Amino acid sequence: MVEMKSAAEIAQMRAAGKIVAEVLARVGENVKPGVTTGILNRIAEDTIAHRGAQPAFKGYRGFPATLCTSVNEQVVHGIPGSRVLNEGDIISIDCGVILNGFFGDAAKTFAVGQISKEKQNLLDVTEHSLMLGISKVAMGNRLSDISAAIQSYVEGEGMSVVRDYTGHGIGRQLHEPPEIRNFGRPGRGPRLEKGMVLAIEPMVNLGVYQVSIERDKWTVVTKDRKPSAHFEHTVAVTENGYDILTVLE
Ligand code: MG
Ligand code: MG
């Protein structure tokens, strides 16, 4: 069942979301050649602690870190550590926090120094696909209107959407119903209602949509090892449309 949130609960989630946005901004400022993913993770930990919140991913099903850091062909769930970022890499930073019992979740893919045109196009298309999906968030629309908007745009740009991982409802738990696919026909699934809060998160591949899991049992990589990007926001359905909660203000 999809759990509806009151205005007061959405205000709490906005406070959590704002911390997530701050983490992504601070980490993003530090993405550069020579930095390790472990250092980025430490910056995220410090920022979250400073705000009196807790990281949502650390310990989730045994995940060992505060951030998911996924470089180049890594799609999601990369584990931060000693890996050094190089000029030309792209890195998806995914962060979740809990504040006063409510979760916020967002992700963004950053360029490390100068990147190829192809990779820049991948970042632009993925971010735009998220915004197109969010533009479908309105009372009375169907859940799969979001999915269809993302898929048709991405595939029209000659890229593919990952099928094995999806967005999700969010609230007092990190992952709540409904599952939000990044593909599918419009007009399916539940109608969007005021008080639903959705984490929408397209994962877009330059090559094939198929993925596999690395030996660490977490890191998801593209089957063809071509680059992948990931953007995510936590979004509430409101009277007038939508409200993005994972922003700085
Ligand atoms: Mg998520
Ligand atoms: Mg996330």
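These are my notebook entries on a metal site and a few backbone angles in a predicted model.

**Entry one, the metal site.** I looked up the magnesium ion (ligand 2) and found that D94, D105 and E232 coordinate it, with D94 listed for two OD contacts, at 2.0 to 2.7 Å. Along the sequence I read the spacing of these donor residues as D-x10-D-x126-E. I then noted that D105 also bridges to the magnesium ion (ligand 1), and that the two ions lie 3.2 Å apart. D94 sits in strand 4 (residues 90-99) and D105 in strand 5 (residues 102-111), 11 residues apart in the chain.

**Entry two, burial of these donors.** I checked whether the two aspartates are buried or exposed. D94 has 7% relative accessibility and so counts as buried, and D105, with a relative accessible area of 2%, is buried as well.

**Entry three, the backbone.** I reminded myself that most residues other than glycine have a negative phi, and that most peptide bonds are trans. Against that background I wrote down the bond from P177 to P178, which is cis, with omega near 0 degrees; P178 belongs to strand 8 (residues 176-180).

I also recorded N72, whose phi is positive at about 55 degrees although it is not a glycine, and which lies in the loop between strand 2 (67-71) and strand 3 (74-76). N100 has a positive phi too, near 50 degrees, and I found N100 in the loop between strand 4 and strand 5.

**Entry four, the two asparagines.** Which of them is buried, and which is exposed? N72 is buried, with a relative accessible area of 11%, whereas N100, at 58% relative accessibility, counts as exposed.

Notes:
Residues are numbered from 1 along each chain as its sequence is written. Chains are lettered from A and ligands numbered from 1 in the order in which they are written. This is a predicted model: local features need pLDDT of at least 70, side-chain atom pairs count only at pLDDT 80 or more; totals for chains, interfaces and linings use all residues. Side-chain values use heavy atoms; hydrogens and water are left out. Donors are N, O and S atoms within 2.8 Å of the metal (3.2 Å for Na, K and Ca); water is not among the atoms, so sites may look incomplete. Helices (H or I, at least four residues) and strands (E, at least two) are DSSP runs, numbered from the N terminus. Buried means under 20% relative accessible area, exposed over 50%, partly exposed in between (1.4 Å probe, protein chains only).
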